[in-house]
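Hi,

Here is the structure I promised to pass on. Have a look at it first, then read my notes below.

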Amino acid sequence: MLIAPSILSADFGKLKNEIEAICEAGCDLVHVDVMDGHFVPNLTIGPVVVSAVAKAATKPLDIHLMVENNTFFVELFASLKPKYISFHIEEEKHPHRLIQKIRSYGISPAIALNPHTPISSIEYLLEDLDLVLLMSVNPGFGGQSFIRSSIKKLQELRKKIDASGAKTLIEMDGGINDKNIRELKNAGLDIAVAGNYVFGSGSYKDAIDSLRV
Ligand code: DX5
Ligand code: ZN
């Protein structure tokens with residue numbers, strides 16, 4: 001299991017230290033939640049802060065866009081060379097074109113699905129994606145409770161990807177902790193995002209290790 005702490009739950013008053021600490025604690029990716037106040041009822045960080053995060057991080061960035069104008073934000077962050085950029089399928093009229101654009105920058109394209117969005121919405125995009133991000137809470141805030149139906153969806157997606165022979169990874173985001181991680185592993189999860197669980201813990205290393213099942 002790869003672990004991607006979501007910095008949404010970090011102490012932004014000492015963001016540089018927080019990023020360094022999770023990287024030293026052994027995370028695999030730094031999950032960066034970009035919200036525009038339109039697609040979701042919350043507003044987070046833009047290019048000034050994300051470039052400071054990129055500078056402090058010794059692990060690759062995993063940028064999760066929760067915005068209305070995906071192309072604008074992809075162009076804004078491309079020069080930071082994140083490993084992944086994910087955009088929400090619910091908010092994109094031309095997902096295939098945007099996937100190609102992200103790949104043209106040498107970045108791995110990913111699509112995020114809200115809890116209610118069916119897997120069939122990305123049926124003809126799967127083979128072009130490096131990663132699918134399944135939301136297990138409603139996007140917008142850290143610290144929410146895990147939505148149980150996400151497990152069935154994860155199992156379904158795992159089956160579909162395995163049957164197709166594609167190499168697409170599956171990431172889940174929202175309400176993940178040491179109580180549900182084993183079940184998610186068994187259902188076929190590759191990357192776990194965890195905000196509140198990691199940053200709310202006494203030891204980032206212990207928290208990350210406890211998720212590495
Ligand atoms: C929610 C964000 C998540 C969130 C996860 O919209 O995409 O990345 O920060 O936080 P926890 O793990 O606290 O649910
Ligand atoms: Zn996220």
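What follows is a short tour of the packing inside it.

This is a predicted model, in which local features need pLDDT of at least 70, side-chain atom pairs count only at pLDDT 80 or more, and totals for chains, interfaces and linings use all residues. Residues are numbered from 1 along each chain as its sequence is written, chains are lettered from A and ligands numbered from 1 in the order in which they are written, and side-chain values use heavy atoms, with hydrogens and water left out.

The largest nonpolar core (buried Ala, Val, Leu, Ile, Met, Phe, Trp, Tyr and Cys residues joined through side-chain atoms within 4.5 Å; buried is under 20% relative accessible area, exposed over 50%, partly exposed in between, with a 1.4 Å probe and protein chains only) has 62 residues. Ile7, Val30 and Val32 have the most contacts inside it. A second, separate core has seven residues, including Ala4, Leu29, Tyr84 and Leu131.

Tyr84 turns up again: Lys83 lies over its face, 5.0 Å from the ring centre (the rule is NZ of Lys or CZ of Arg within 6 Å of the ring centre and within 35 degrees of the ring normal).

As for rings, a search of the whole structure gives three aromatic pairs (Phe, Tyr or Trp rings, the six-membered one for Trp, with centres within 6.5 Å; planes under 30 degrees apart are stacked, over 60 edge-to-face, the rest tilted). Phe199 and Tyr204 pair edge-to-face, at 5.2 Å centre to centre and 70° between the planes, and both are buried. Ring pairs also link Phe72, Phe73 and Phe77 into a cluster.

Cheers
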